[in-house]
Amino acid sequence: MEKGYIHIYTGDGKGKTTAAFGLAVRALCAGKSVFIGQFVKSMKYNETRITEKFDKVTIEQFGNGCMLTREAAEEDRRAAHEGVLRCREILSSQTYDVVILDELTIALYLGLLELDDILQLLNNKRPETELVVTGRYAPQELIDVADLVTEMREIKHYYTQGVLSRDGIDR
């Protein structure tokens with residue numbers, strides 16, 4: 001690619017990771033290589049099985065278990081920082097055409113990472129690399145450096161009716 005852009009998928013609605021994985025499939029089908037770094041995640045959700053279907057995709061997770069029910073620990077911060085270091089390597093290499101940093105804004109929101117480090121990460125990517133950042137609560141500073149920002153807004157959701165996460169649809 002001549003120029004890679006920075007995308008941000010944010011908001012309180014469903015579909016941010018799904019949209020990023022959709023872009024990954026599109027890129028893979030076009031013969032491009034994809035790296036997906038998942039912050040604050042350590043479970044192998046169904047979307048991680050994309051590595052079984054395509055050769056030119058790598059997924060690495062930089063999480064330490066579910067943080068929805070507990071305070072962030074030093075292990076969580078360490079995993080997130082190691083993820084940033086790894087993604088810095090990836091973004092400066094010529095290995096991947098598309099890089100997805102899934103739930104990066106959540107790691108920021110939870111205080112696992114510093115905004116200045118993330119801005120530096122984005123500003124130092126190779127110009128040809130397409131970069132997608134997902135997660136709720138994208139700070140204005142990230143929105144300002146992005147080329148494309150999509151906000152997923154929840155209008156109605158079946159979770160409010162007690163429907164749990166469904167295999168193959170929500171996870």
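The sheet in this predicted model is an open one of six strands, and its order reads β3-β2-β4-β5-β1-β6, with parallel pairing. At the edges stand β3, residues 57–62, and β6, residues 148–151, each with a single partner strand, so one side of each is left without a neighbour in the sheet. Going from one strand to the next, the twist averages 15°. As background for the pairings I will go through, strands of a sheet pair through backbone hydrogen bonds, in either a parallel or an antiparallel sense.

Let me start with β4, which in the strand order has β2 on one side and β5 on the other. Strand β2, residues 34–39, runs parallel to β4 and is joined to it by five bridges, and if you want one pair to locate on the screen, I36 has I100 of β4 as its bridge partner. Towards β5, which covers residues 130–134, the pairing with β4 is again in the parallel sense, here over four bridges, and the pair to look for is V99, standing opposite L131 of β5.

How much of β4 is buried? The strand spans residues 98–102, and five of its five residues are buried. In a regular strand the side chains alternate between the two faces of the sheet, and it is therefore worth taking the faces of this strand one by one, with that general pattern in mind. On one side of β4 we have V98, I100 and D102, on the other V99 and L101, and because these are all buried, both faces of the strand are covered.

D102 deserves a moment of its own, since this residue of strand β4 is buried with a relative accessible area of 1%, and the cut-off for calling a residue buried is under 20%. What does D102 touch, once residues up to four places away in sequence are not counted? The list is T17, G37, Q38, F39, K41 and T134; of these, G37, Q38 and F39 fall within the residue range of β2, while T134 falls within that of β5. For a sense of distance, the C-alpha atoms of D102 and K156, which are 54 residues apart along the chain, are separated by 23 Å.

Moving to the β6 edge, strand β1, residues 6–10, pairs with β6 in the parallel sense over four bridges, and here the bridge partner of I8 in β6 is V149. In the segment before β1 we find G4, which is buried, with a relative accessible area of 2%. Leaving aside neighbours within four places in sequence, G4 is in contact with K125, P127, E128, T129 and E130. G4 and V163, by contrast, are 159 residues apart in sequence, and their C-alpha atoms are 39 Å apart in space.

My last topic is a helix pair, and two packed helices are described by the angle between their axes and the distance between the axes. The axes of α3, residues 74–92, and α5, residues 115–123, come within 10 Å and cross at roughly 15°. That angle makes α3 roughly parallel to α5, because angles under 35 degrees are counted that way. The crossing in which α3 passes α5 is left-handed. Which residues meet there? From α3 they are H81, V84, C87, R88 and L91, and from α5 they are D117, I118, Q120 and L121. Sorted by class, this contact has five nonpolar, two polar and two charged residues.

Technical notes
Residues are numbered from 1 along each chain as its sequence is written. This is a predicted model: local features need pLDDT of at least 70, side-chain atom pairs count only at pLDDT 80 or more; totals for chains, interfaces and linings use all residues. Side-chain values use heavy atoms; hydrogens and water are left out. Buried means under 20% relative accessible area, exposed over 50%, partly exposed in between (1.4 Å probe, protein chains only). Helices (H or I, at least four residues) and strands (E, at least two) are DSSP runs, numbered from the N terminus. Two strands pair if DSSP finds at least two bridges between them. Axes are lines fitted to C-alpha atoms, for helices over the stretch in contact, and angles run from 0 to 180 degrees between N-to-C directions. Angles under 35 degrees count as roughly parallel, over 145 as roughly antiparallel, 65 to 115 as roughly perpendicular and the rest as oblique. A crossing is left-handed if the near helix is turned anticlockwise from the far one by less than a right angle, and right-handed if clockwise. Contact means heavy atoms within 4.5 Å. Ala, Val, Leu, Ile, Met, Phe, Trp, Tyr, Cys and Pro count as nonpolar, Asp, Glu, Lys and Arg as charged, and the others, Gly among them, as polar.
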